[in-house]
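Got your viewer open? Load the model and we'll walk around the ligand together.

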Amino acid sequence: MNLSSLPPFVNETYRDFLIPEHKAAMLAALAQVRAELGREYDLQIAGHPEKGGPDKLLSYNPSLTTELIGMHQKATAEQAARAVEQAHAYFPTWNAVPAELRAARLFRAAAILKRRKSEFNAWMVLESGKNWLEAEADTAEAIDFCDYYARQMLRYATPEPLVQMPGEHGQLTYLGLGVGVIIPPWNFPLAILVGMTVAALVTGNTVVIKPSSETPTIAAKFMEVLHEAGFPPESFQFLPGSGAEVGDLIVSHPKTRFISFTGSKEVGLRIVELAAKTQPGQRWIKRVVAEMGGKDAIVVDSQAADLDAAASGVIAAAFGFQGQKCSACSRLIVDATIYDEFVAKLKPLAEALTQGPAEDPSNYMGPVIGAKAEKTVLNYIEIGKSEGRLITGGAKAQGPGHFIQPTIIADVESTDRIFQEEIFGPVLAVTKARDFDHAMQLANDSAYGLTGAMYSANPEKIARARAEFFVGNLYINRKCTGAMVGAHPFGGFNMSGTDSKAGGPDYLLQFLQAKSIAEKIIG
Ligand code: NAP
């Protein structure tokens with residue numbers, strides 16, 4: 001297999017659930033998944049199922065907080081160490097498998113995910129509170145990551161030719177690094193877990209996967225896909241458990257070669273610090289790929305071409321999946337000349353959003369992920385009420401889950417906490433800009449630098465935003481969420497992370513090391 005023999009990469013399409021056939025498929029998948037709720041799952045080391053410590057990790061439906069989704073193990077310290085040792089022992093075998101064969105397994109994983117698309121959607125609806133379309137987009141992105149990274153691996157399997165010195169044969173080859181610790185978040189419970197895991201595996205590394213404690217069942221289901229796709233059971237270890245306990249152990253282990261993390265700034269920085277400390281017996285500098293939080297801004301300029309389109313974009317970016325996206329719009333910066341008019345447009349749009357259990361396809365917004373998140377977001381809403389002017393929302397919403405009303409707070413200053421701190425919920429802070437210079441200054445007044453968007457029809461201002469808006473993913477005249485694999489390589493500046501550009505042509509390089517070989521031609 002080589003790259004040129006494959007059709008070009010195309011993103012997986014989203015189904016329209018208004019079409020009866022697709023709706024029926026989702027309803028059937030929800031019924032199938034419901035029949036499996038509450039099951040106990042084992043952790044896995046070298047393909048062997050094991051129980052963990054006496055305490056279990058229980059995952060509940062955030063839309064219906066009494067409904068148990070899955071019961072999982074909490075790995076012990078001994079199991080954490082053994083998982084890394086085992087992955088280390090198997091690394092030379094897996095790294096020696098030709099890249100083409102590793103890529104072939106990844107294409108197979110994409111096909112299996114396609115086949116099980118509705119089922120994975122259903123798990124996400126029930127375990128993470130995604131609405132049907134958000135779940136569909138998550139599964140589609142997971143499929144895209146498999147397909148795209150398989151192709152990228154084929155590209156690295158035939159590197160660019162080197163300059164050949166007279167009398168020598170020169171070659172560059174790419175090797176895996178070793179054991180990768182994979183630590184994903186819960187908010188793209190399938191896509192990010194899959195992307196991080198398969199990028200590490202296809203490049204020849206072995207992995208220890210520590211899933212998020214909020215969405216371990218989705219992760220356990222993905223382990224079935226890896227098995228079926230033919231990844232050797234020794235190449236991936238499934239190690240649920242507390243991030244603070246198991247996470248620290250596997251990050252610090254001397255045989256860990258790299259850590260691929262996506263999550264909060266606080267945890268990411270802790271991992272960077274722990275990984276930098278060399279342990280006795282450690283023979284390398286650990287690499288850390290860390291994608292962290294965001295405090296993303298949309299700028300609406302006085303010369304925006306269509307204020308209604310801008311308002312719809314802001315609402316979708318702020319309240320899609322309850323604002324629980326690293327790319328979500330949490331700061332809106334509006335030019336003073338259109339400020340009142342634009343804020344007035346947002347209120348009815350936010351109030352028209354339907355909210356309730358994610359399982360009901362008529363609900364646009366579902367719950368936030370759990371009790372802790374609910375408390376944090378409600379606390380920020382109270383802070384926001386004291387910092388700005390409440391336009392709409394501002395409270396918990398009715399229902400049996402962790403529902404919070406879409407909340408808009410206007411007249412927020414750049415020094416306010418809700419302007420500066422990541423809330424990770426359905427809360428939008430609106431700030432008035434004196435002019436375009438001020439808007440750019442406000443947009444960049446953040447420790448983060450993940451996504452950003454600006455709406456304007458003025459080419460000079462667009463050019464300035466391209467040059468000055470300091471974010472890893474900039475969008476012009478469209479919303480700041482919804483990055484697509486291959487089209488919008490994703491990763492942030494500043495405290496948003498190491499700018500790894502997931503879903504882009506350079507991503508795999510972070511999991512590879514290049515070996516340069518020069519052989520003198522004899523005779
Ligand atoms: P989190 O609390 O930082 O957790 C992320 C992962 O780290 C979880 O698997 C967690 O395990 C684990 N963890 C916790 N403490 C650890 C430690 N000491 N050592 C090692 N691992 C540890 O983040 P989250 O709440 O899951 O996700 C939301 C955050 O992710 C937001 O800040 C969001 O912006 C960010 N995010 C960023 C991107 C991006 O591409 N930049 C994408 C998505 C999300 P437990 O669950 O067991 O605690």
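Here is a tour of the ligand and what surrounds it.

Before clicking, note that this is a predicted model, where local features need pLDDT of at least 70, side-chain atom pairs count only at pLDDT 80 or more, and totals for chains, interfaces and linings use all residues. Residues are numbered from 1 along each chain as its sequence is written, and side-chain values use heavy atoms, with hydrogens and water left out.

**Stop 1: the shell.** Select residues with a heavy atom within 4 Å of the ligand. You should get 32, the closest being Pro184, Ser213, Ser264, Met292 and Glu422. Colour them by class: 15 are nonpolar, twelve polar (Gly goes here) and five charged (Asp, Glu, Lys or Arg).

**Stop 2: polar contacts.** These are pairs of N or O atoms within 3.5 Å. Show Ser213, which puts a polar side-chain atom 2.5 Å from a ligand oxygen. Next, pick Lys210: an N or O atom in its side chain is 3.0 Å from an oxygen of the ligand. Then switch on the backbone of Met292, where an N or O atom lies 2.7 Å from a ligand nitrogen.

**Stop 3: cover.** How much of the ligand does the protein bury? Of the 910 Å² that the ligand exposes when taken alone, 87% (Shrake-Rupley, 1.4 Å probe).

**Stop 4: who contributes.** Select α8 (243-252), a DSSP helix run (H or I, at least four residues). α8 gives the most to the shell, with four residues.

How values were computed: A polar contact is a pair of N or O atoms within 3.5 Å; within protein, one must be able to donate a hydrogen and the other to accept it, and residues adjacent in sequence count only if both atoms are side-chain atoms. Helices (H or I, at least four residues) and strands (E, at least two) are DSSP runs, numbered from the N terminus.
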